Amino acid sequence: MNIALIAHDRKKGDLVRFVTAYLPVFEKHSLFATGTTGKRIQEATGLKVHRFQSGPLGGDQEIGAMIAKNEMDLVIFFRDPLTAQPHEPDITALMRLCDVYNVPLATNMGTAEVLIRGLASGAMDWRLLLQGKRLEGLLDKEKGNGKRDGT
């Protein structure tokens, strides 16, 4: 699955620690992030992260474009609700796109933990339907065969 990782300046450290804590989950997926956030995650974890521009320079919009094309499965966006953001319209648009296209969005660590644990347990496999992928692996899983590749 494709996971977007975004954090405002005062939340970047929290996101890096979160990804580090759930490294076994994140390493199984394709990661995308805005500029500095992606760099810090790469440096701290060694994970491969596709980096877009920073949020204020269009990175939020680049992730939004992936959402609109059904190419993003989960967005983790650690927002700083106590600091005004100059690109607030871009943030609002990104959150709106998540709602329009049914992409799960976590804006804080508590919700992110629920979503990541759900991802690890297979509760996000419904996204494969939206991507048009075959669900034979899911059906085998339900029958107890343990296959989970989704192809």
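In this predicted model, helix α4 passes helix α5 in a left-handed crossing. Helix α4 spans residues 59–68 and helix α5 spans residues 88–100; their axes lie 9 Å apart and meet at an angle of about 15 degrees. Because angles under 35 degrees count as roughly parallel, α4 is described as roughly parallel to α5. On the α4 side, the contact is made by Asp60, Gln61, Ile63, Gly64 and Ile67. The α5 side contributes Asp90, Ile91, Leu94, Leu97 and Cys98.

Leu97 also has a place in the nonpolar interior, since a core is a set of buried nonpolar residues joined through side-chain atoms within 4.5 Å, and Leu97 is included in a core of 15 residues. Phe32, Val75 and Phe77 are also among the members of that core.

The largest nonpolar core is separate from this one and comprises 24 residues. Which of its residues touch the most other members? They are Leu5, Leu15, Phe18, Phe26, Ile76 and Ile116. Two or more residues of this core come from each of the elements β1 (2–7), α1, α2 (23–26), β2 (30–33), β4 (74–78) and α6 (109–121). With residues up to four places away in sequence left out, Ile116 touches Phe18, Tyr22, Val25, Phe26, Leu74 and Ile76.

Helix α1, which covers residues 12–21, contains Lys12. Is this lysine buried or exposed? Lys12 has a relative accessibility of 9% and therefore counts as buried, the cut-off for that class being under 20%. The side chain of Lys12 forms a polar contact of 2.8 Å with the side chain of Thr37. Beyond its neighbours within four places in sequence, Lys12 is in contact with Ala7, Thr36, Thr37 and Arg40.

Two asparagines in loops have positive phi values, as the table sets out.

| Residue | Phi | Location |
|---|---|---|
| Asn70 | about 60 degrees | loop between α4 and β4 |
| Asn102 | near 55 degrees | loop between α5 and β5 (105–106) |

Asn70 takes its positive phi although it is not a glycine, and Asn102 is likewise a residue other than glycine. The loop that holds Asn70 lies between α4 and β4, whereas Asn102 is found between α5 and β5. With a relative accessible area of 24%, Asn70 is partly exposed, because this class lies between the limits of 20% and 50%.

Notes:
Residues are numbered from 1 along each chain as its sequence is written. This is a predicted model: local features need pLDDT of at least 70, side-chain atom pairs count only at pLDDT 80 or more; totals for chains, interfaces and linings use all residues. Side-chain values use heavy atoms; hydrogens and water are left out. Helices (H or I, at least four residues) and strands (E, at least two) are DSSP runs, numbered from the N terminus. Buried means under 20% relative accessible area, exposed over 50%, partly exposed in between (1.4 Å probe, protein chains only). A polar contact is a pair of N or O atoms within 3.5 Å; within protein, one must be able to donate a hydrogen and the other to accept it, and residues adjacent in sequence count only if both atoms are side-chain atoms. Contact means heavy atoms within 4.5 Å. Axes are lines fitted to C-alpha atoms, for helices over the stretch in contact, and angles run from 0 to 180 degrees between N-to-C directions. Angles under 35 degrees count as roughly parallel, over 145 as roughly antiparallel, 65 to 115 as roughly perpendicular and the rest as oblique. A crossing is left-handed if the near helix is turned anticlockwise from the far one by less than a right angle, and right-handed if clockwise.
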